Amino acid sequence: MAKPTTLNEAYVKNVKNAPPFGTKDKIGYMLGDLGFNSLQVIVNSYLMLFCVNILGISAVHFASIVFICKALDALNDTFIGQTVDNRPATKYGKMKPYLKWFAIPYMVFTIVLFMDVTAMPYVAKIVWVLVIYFIWGIVGTFINVPYGAMTNIMTTDLVQRTELSNFRSIGSFLGNIVPTTVAPLLLFDANNDPIASRFVVLSVVLGIFCVVCLYAAHALMKERVLVTPDSNISAAGEKVNYWQVLKSFGKNRIMIAVVLAYVATKLFTQPVGTTNQYVFMVYFQDTSKLSLTAIGSIVPMLLGMLLVKPAVKKFGKKNLVTWPALGAALCYGITAVAPVGPMGWIICQLGASCFTAFSGLLLWSMISDAVDYQAYITGVRNDGTVYATITFIVFFAASASTSLIALMLEVLGYDATLGSMGQLAGVAENIKFFGGAWPMIGCIITFICYKLIYNMTDDEMRKVSATVKAMADEKEAKALGQMEQ
């Protein structure tokens, strides 16, 4: 049996004296995702373009780099999740100090990832990208895992968690704006081909912005749930390990549904930004309108932000993330098979964004519910390891999507050496069909996950969270009693 770790008295004092949950917490949580996502998006959206079209790495080799890095992340995420759970809290908190510790390294490795190493021998370029991308993933996980777990220790109130999820989604959404609207205007030349030097400039500007946002998030957010030394120790007194957590996921249908839906989003829907690059480069031959595809998602998200609270009260979270997925699938299907022009394509994707707005805004609230249910069925509160497991699964899917897009471009006949206007006959049409059909599949999978796998009503989830809160209160009282002895 592990020997209990003494609680940091300054940590206990700060948690117990934390001000009531309020606007600062929501703004801080929004800023965290705004900064972090700004760099995530430029890497997920433009690294393949940079490596394939500028560094000259073949799409197949790039896909292999991504696969190798994410396979190694299986070990990386295990270590990070357990490190976060097992490391004693500092006076600044259990989770939020990681935001300051890793903000600057995250910026640095993003910038290095976009350095122009065209002059290197081909094999050296592959090794360079593989090593830097792997380190970048490690640093990012040290931010993302504790940041995700913050929801459950900032508040135990489900309404407040929904607000946090809403603000996190706002931050994520805003973090997409510059990389998806301004970046296309900067990164391409008059012939719709990317310019190497501008990738570094973009990563420097957004890197500084990321650091400022993460430091601000650290200052504004407050932890209110005391994470006791035995929070991640089972009733038998044994540390809960990664594989036990992963195995217990099989009993948690809420977790299965939410994670699979999230994976479908990362694997099929999120790459729309990447596939749009090639649709507008090759099929429409007009990258100037790429910005409109991103701007078109702003209105649905803004409306969703205003309507999410009354909509949740009237329809419930589960309904808001289930049925609209079919509407989004229809919109994407139209772009795949109908002879639409650039504006028709943008309008159809605007319609899809309207249908998926609530799903994006409520995602992290759904994940928080799944984490609570995990604690409910296991009797153990080990959020760092749980979030590390979710992060590994989802980020692997996100990176696998990049690999799949790269491989599909090869299958569809795309040849980067021919430029955007010199592709062989039929390639443009293939890319256009793929650009619509791929996200359509993801929306259908999302509907199936929430309709057929997710097996709990909103009322039942509230009862579960109340039980988990009672468990946490009992452990907190026990830990504080030991300190007074």
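## Helix 10 and the residue that follows

In helix 10, the buried residues are Val272, Thr274, Thr275, Asn276, Gln277, Tyr278, Val279, Phe280, Met281 and Val282. The helix as a whole is mostly covered, with 10 of its 12 residues buried. These statements, like those that follow, describe a predicted model.

Just after helix 10, the backbone shows a feature at Gln285, where phi takes a positive value of about 50°. Most residues other than glycine have a negative phi. Gln285 lies in the loop that runs between helix 10 (272–283) and helix 11 (290–295). Gln285 is partly exposed, because its relative accessible area is 37%, which falls between the limits of 20% and 50%.

## Overall composition

The protein contains 18 helices and 0 strands. Of its 485 residues, 58% count as buried. When contacts between residues at least 6 apart in sequence are considered, 86% of them join residues at least 24 apart.

## The nonpolar cores

The largest nonpolar core has 138 residues, and those with the most contacts inside it are Phe62, Ile367, Ile390 and Ile431. Helix 2 (residues 23–54) gives the most to this core, contributing 16 residues. Apart from it lies another core of 7 residues, among them Val272, Cys331, Ala352 and Cys443.

Ile431 illustrates how parts of the chain meet. Residues up to four places away in sequence being set aside, Ile431 touches Tyr278, Val279, Val282, Leu409, Leu412 and Tyr414. Tyr278, Val279 and Val282 are among the buried residues of helix 10.

## Helix 4 against helix 5

Two packed helices are described by the angle between their axes and the distance between the axes. Helix 4 (residues 97–113) packs with helix 5 at an angle of about 155°, and their axes are 9 Å apart. Helix 4 is therefore roughly antiparallel to helix 5, since angles over 145 degrees are placed in that class. Helix 4 passes helix 5 in a left-handed crossing.

From helix 4, the contact involves Tyr98, Leu99, Phe102, Ala103, Pro105, Tyr106, Phe109, Thr110, Val112 and Leu113. Their partners in helix 5 are Trp128, Val129, Ile132, Tyr133, Ile135, Trp136, Val139, Gly140, Phe142, Ile143, Pro146 and Tyr147. By class, the residues of this contact are 20 nonpolar and 2 polar, with no charged residues.

## Helix 5 against helix 6

Helix 5 (residues 122–154) also packs with helix 6 (residues 158–187), at an angle of about 150° and with the axes 9 Å apart. Helix 5 and helix 6 are therefore roughly antiparallel to each other. The crossing of this pair is right-handed.

Helix 5 takes part in the contact through Asn144, Tyr147, Gly148, Thr151, Asn152 and Met154, while helix 6 does so through Arg161, Leu164 and Arg168. These residues divide into 3 nonpolar, 4 polar and 2 charged. Tyr147 of helix 5 appears here and also in the contact with helix 4.

## Helix 14 against helix 17

The axes of helix 14 (residues 324–337) and helix 17 (residues 427–453) come within 7 Å and cross at roughly 165°. Helix 14 and helix 17 are therefore roughly antiparallel to each other. Their crossing is left-handed.

On the side of helix 14, the contact is made by Ala325, Leu326, Ala328, Ala329, Tyr332, Gly333, Thr335, Ala336 and Val337. On the side of helix 17, it is made by Lys432, Phe433, Gly436, Ala437, Pro439, Met440, Cys443, Ile444, Thr446 and Phe447. The contact residues divide into 14 nonpolar, 4 polar and 1 charged. Cys443, one of the helix 17 residues in this contact, is also among the residues of the 7-residue core.

## Two positions linked across the sequence

Gly35 lies in helix 2 and counts as buried, at 0% relative accessibility. Gly35 and Tyr215 are 180 residues apart in sequence, yet 9.6 Å apart in space, C-alpha to C-alpha. Neighbours within four places in sequence aside, Gly35 is in contact with Cys210 and Cys213.

Met471 is found in helix 18 (residues 458–484) and is partly exposed, with a relative accessible area of 24%. Met471 and Tyr376 are separated by 95 residues in sequence and by 8.8 Å in space, C-alpha to C-alpha. Beyond its neighbours within four places in sequence, Met471 is in contact with Ala375 and Gly379.

Note on methods
Residues numbered from 1 in each chain as written. Predicted model: local features only at pLDDT ≥ 70, side-chain atom pairs only at ≥ 80, totals over all residues. Heavy atoms only, no water. Axes fitted to C-alpha atoms, helices over the stretch in contact; angles between N-to-C directions. Helix = DSSP H or I, 4+ residues; strand = E, 2+ residues; numbered from the N terminus. Parallel < 35°, antiparallel > 145°, perpendicular 65-115°, else oblique. Left-handed = near helix turned anticlockwise from the far one by under 90°. Contact = heavy atoms within 4.5 Å. Nonpolar A, V, L, I, M, F, W, Y, C, P; charged D, E, K, R; others polar. Buried < 20%, exposed > 50% of the residue type's maximum accessible area, 1.4 Å probe, protein only. Core = buried A, V, L, I, M, F, W, Y, C linked by side-chain atoms within 4.5 Å.
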